[in-house]
Amino acid sequence: MKCKYNKKVGDGRMADMERLQKVIAHAGIASRRKAEKLILDGKVTVNGKVVTELGTKVGKNDDVEVEGVPIDKEEPVYYLLYKPRGVISSVSDDKGRKVVTDFLPDVQERIFPIGRLDYDTSGLILLTNDGEFANQLMHPSHEVDKVYIAKTKGIPSKEQLKQLKKGMTVDGEYLKAVHAKINSTDTKKNTAIVQIILHEGKNRQVRRMFESLGFPVDKLKRERYGSLDLKGMNAGDFRPLKPYEVKQLRALAEKNVE
Ligand code: URA
């Protein structure tokens with residue numbers, strides 16, 4: 001088949017072929033932009049030949065190497081995990097602590113978590129081997145709702161909740177919530193259960209925001225991510241995403257691009 005714009009490499013049928021930068025991004029090696037730079041810098045070979053043309057298409061039978069390391073052409077997979085507290089959002093830990101991938105021992109693909117939850121935070125975390133999908137979702141301009149339930153020591157006032165939505169600078173970093181409301185309070189124990197929604201995913205963002213107002217967070221759980229929630233799941237459970245759920249997340253991320 002003739003293709004006007006793209007140089008074809010290898011013997012794959014054009015219909016099954018993908019742009020080289022997309023294949024590299026899907027393998028979880030780099031974002032698409034970084035993949036493009038790797039190609040332009042001459043770090044990528046296809047079937048042993050350096051390829052520096054961004055339009056190049058490759059098929060399943062082509063051998064792609066990035067800096068001399070072959071990439072795995074795995075099918076993309078997507079999982080949702082209800083992360084318990086006391087687990088690292090990583091694929092390995094040099095201190096031997098439990099990591100999120102320990103909960104999916106039979107998954108053969110090289111999955112990694114999309115973003116992170118703190119060691120002491122429980123809740124919804126996605127895992128995939130699709131680097132491009134992960135980058136899309138993590139970009140703050142994509143405005144995917146992340147809904148957290150925080151148990152705070154002390155009870156924030158309405159004004160203080162407004163402050164979370166107005167934004168604040170903590171340790172030189174501007175942090176902002178999309179929404180914050182009190183779900184319940186315990187005046188005897190002087191604690192509150194607060195729902196807070198973020199679009200950003202900055203380091204320890206919820207804890208730092210509450211702490212800066214004088215309310216240490218005792219417990220934190222992410223109960224929703226975009227269109228997904230934890231209904232019917234217990235801590236430690238995982239499930240594959242349904243194709244329509246992946247589509248919905250992609251649409252969410254794409255819709256909100258600035
Ligand atoms: N905000 C936090 O403080 N911790 C998390 O794990 C996620 C958001």
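This tour moves through a predicted model, from its domains to the ligand and then to the boundary beside that ligand.

Begin by colouring the chain by domain: domain 1 takes residues 14-70, domain 2 combines 78-140 with 234-254, and domain 3 covers 146-225. With those colours in place, centre the view on the ligand, which lies between domain 2 and domain 3 because both of them give residues to the shell around it.

Next, select the residues that surround the ligand, namely L117, D118, T121, Y148, R204, Q205, V206, R207 and L220. If you recolour this selection by residue class, the shell divides into 4 nonpolar, 2 polar and 3 charged residues. Then show the secondary structure and look for helix α5, residues 205-212, which supplies the largest share of the shell with 3 residues.

Now display N and O atoms around the ligand and turn to its oxygen atoms. Start at T121, where a polar side-chain atom lies 3.1 Å from an oxygen atom of the ligand. Move on to R207 and keep its backbone visible, since the atom to pick there is a backbone N or O, 3.0 Å from an oxygen atom of the ligand. At Q205 the backbone is again the part to inspect, with one of its polar atoms 3.4 Å from a ligand oxygen. Before leaving this site, consider how much of the ligand is covered: taken alone, the ligand exposes 240 Å², and the protein buries 97% of that area.

Finally, zoom out until domain 2 and domain 3 are both in view; their centres, taken over C-alpha atoms, are separated by 23 Å. Select the residues in contact across this boundary, and you should find 16 from domain 2 and 13 from domain 3. Between them the two domains bury about 1200 Å², of which 45% is on carbon and sulfur atoms. On the domain 2 side, highlight R85, D118 and L124, the residues there that lose the most area to domain 3, together accounting for 36% of what that side buries. D118 is worth keeping selected as a last stop, for this residue also belongs to the set surrounding the ligand.

Terms used: Residues numbered from 1 in each chain as written. Predicted model: local features only at pLDDT ≥ 70, side-chain atom pairs only at ≥ 80, totals over all residues. Heavy atoms only, no water. Near = heavy atom within 4 Å. Polar contact = N/O pair within 3.5 Å; in protein donor to acceptor, adjacent residues only side chain to side chain. Areas by Shrake-Rupley, 256 points an atom, 1.4 Å probe, with all protein chains shown as cover. Helix = DSSP H or I, 4+ residues; strand = E, 2+ residues; numbered from the N terminus. Nonpolar A, V, L, I, M, F, W, Y, C, P; charged D, E, K, R; others polar. Domains from an automatic or database assignment. Contact = heavy atoms within 4.5 Å. Buried area = accessible area lost by both parts, 1.4 Å probe.
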